[in-house]
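Reader: I'd like to go through this one with you. Can we start with how burial is judged, then look at the contacts?

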2 protein chains.
Amino acid sequence: MAESGRPREFDVDEALDKAVEVFWRQGYEATTLDDLTNAMQIARTSLYHAFGNKEATFRRAVERYAQTRMGYLDEAIGLPTARAVAEHYLRSNLMAVTARGGDPTGCLTIQGGLAAGAADQGVVQFLGDCRAGAEARLAERFRAAAAQGDLPPDEQPAHLAKYLFTIAAGLAVQARAGASRADLAPVVERTLSAFPG
Amino acid sequence: MAESGRPREFDVDEALDKAVEVFWRQGYEATTLDDLTNAMQIARTSLYHAFGNKEATFRRAVERYAQTRMGYLDEAIGLPTARAVAEHYLRSNLMAVTARGGDPTGCLTIQGGLAAGAADQGVVQFLGDCRAGAEARLAERFRAAAAQGDLPPDEQPAHLAKYLFTIAAGLAVQARAGASRADLAPVVERTLSAFPG
DNA sequence: CTAGTTGTGTACTAACAGGAACATAATTTG
DNA sequence: CAAATTATGTTCCTGTTAGTACACAACTAG
């Protein structure tokens, strides 16, 4: 079933990749529609037509970010032991948040908007939900590990997930402020030293 | 030496406390001058006269925040052992960033501005410098501990400071998103379990 | 070809932002 | 009292913001 009407002249995913970069670097509120349309190389009308408005564009960008930049979470969850999950998750997170190529440092879901005015509380909430969802997936994985006897019986899966996620958030903040991979690697390793296994 | 001229009709510190609360809740960019003047109960002209402009007001507010809300860092540094420093710092940080009275959650120096547009990079840099300064004071304290034989010889003071500071930043992010003291206390204790002593 | 549908480009708008002008009020110093 | 100094209140200004109106272009279906 082919679509009728004039065909779109840009690639949605490519445009979203550009939007991701701008939002990642500047956060939601500081990013103007002109910033977006310049980076995405499309006209304002096209953006509104394709995505709806600024907030909807942001949500799509975050979705794209999760797909293209946080694959290591799925990789980690797929590993056979809780210990391997934790190691892969945290070490990959360190790689992802520290300087790599031309990408901004830090994490879009954190610096995108931790605080905002009344008008943009939806964005703050949305980002919080995104992070909570990822943490919940990690917790679920550790719950399965506990059920298999892959974790000491006195360890609570949710606590382990929150532990790793909290440190990951801290790494993102540090990386955003300029901390290097070498600065933060000892933090990762020390964190893992307190993880069972 | 008394001051000449019309006396100020508001208390600078009280006004700054109100500014702290607004900036803490909304971040730098999302806070408008009207938000500030409404909260501080002063006219726009008075704000400009007393503080200079929005950014200068923010810097004064952060200074005030450090004085009134981060006293636990000094307390921690004054304790006799590196271990006690770490415990007091991290446990107090947890209290400070989680819900207490009517205060916002999280940490002003983090959610105040992790990312911004080109015009406000100075604020992002300033907040990063504030955090780096606090981390450096912790590192200095651990350096003294190492010199006294209060830390294992293979431990690097700067690594320990970065470790604690990274987790503190993570706690602030989690608390901002709604995590409670009970949720995060196990993270604090696990973090401390990997700290020497 | 005609009608319907969808994408694009130009120009606009209404609201709001940070900041400044300027007159006025309240104090100290002489 | 007069002069100097500092604080306040009203008003305005200029740039910028997200979002929209409307004409036009490019495609499909009949």
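Author: A residue counts as buried if 20 or more other C-beta atoms lie within 10 Å of its own, as exposed if 12 or fewer do, and as partly exposed in between. Keep in mind that this is a predicted model.

Reader: Fine. Take A132(B): which helix does A132(B) lie in?

Author: A132(B) is part of helix α8 of chain B.

Reader: And why is A132(B) called partly exposed?

Author: A132(B) has 15 other C-beta atoms within 10 Å, so A132(B) is partly exposed. That count falls between the limits of 12 or fewer for exposed and 20 or more for buried.

Reader: How far apart are the C-alpha atoms of A132(B) and K162(B)?

Author: They are separated by 9.4 Å, with the two residues 30 apart along the chain.

Reader: Now the core. Which residues have the most contacts inside the largest nonpolar core?

Author: L164(A) and L164(B) do, in a core of 120 residues.

Reader: What is L164(A) in contact with, leaving aside its neighbours within four places in sequence?

Author: L164(A) then contacts A86(A), Y89(A), L90(A) and L138(A).

Reader: On to the protein interface. How many residues of chain B are in contact with chain A?

Author: 36 residues of chain B, against 36 residues of chain A. On the chain B side, α1 (12-26), α7 (108-111), α8 (121-147), α9 (157-176) and α10 (181-193) each supply at least two residues.

Reader: Which helix gives the most there?

Author: α9(B), with 11 residues on the side of chain B that touches chain A. By class, that side of chain B divides into 15 nonpolar, 13 polar and eight charged residues.

Reader: Now the DNA. Which residues are closest to strand C?

Author: G5(A), R6(A), E9(A), S46(A) and R6(B), out of 24 residues that surround DNA strand C. α3(A) gives the most to this surface, with five residues. The surface has six nonpolar, 10 polar and eight charged residues.

Reader: Which helices supply at least two residues each near strand C?

Author: α3 (44-51) of chain A, plus α2 (33-40) and α3 (44-51) of chain B.

Reader: And what surrounds strand D?

Author: 26 residues surround DNA strand D, the closest being R6(A), G5(B), R6(B), E9(B) and S46(B). Here α2 (33-40) and α3 of chain A and α3 of chain B each supply at least two residues.

Reader: Where does the largest share come from near strand D?

Author: From α3(B), with five residues. The surface near DNA strand D divides into seven nonpolar, 10 polar and nine charged residues.

Methods
Residues are numbered from 1 along each chain as its sequence is written. Chains are lettered from A and ligands numbered from 1 in the order in which they are written. This is a predicted model: local features need pLDDT of at least 70, side-chain atom pairs count only at pLDDT 80 or more; totals for chains, interfaces and linings use all residues. Two residues are in contact if their C-beta atoms, placed from the backbone, lie within 7 Å. Helices (H or I, at least four residues) and strands (E, at least two) are DSSP runs, numbered from the N terminus. Ala, Val, Leu, Ile, Met, Phe, Trp, Tyr, Cys and Pro count as nonpolar, Asp, Glu, Lys and Arg as charged, and the others, Gly among them, as polar. A residue is near a molecule or strand if its C-beta atom, placed from the backbone, lies within 6 Å of it. A nonpolar core is a set of buried Ala, Val, Leu, Ile, Met, Phe, Trp, Tyr and Cys residues joined through C-beta atoms within 7 Å.
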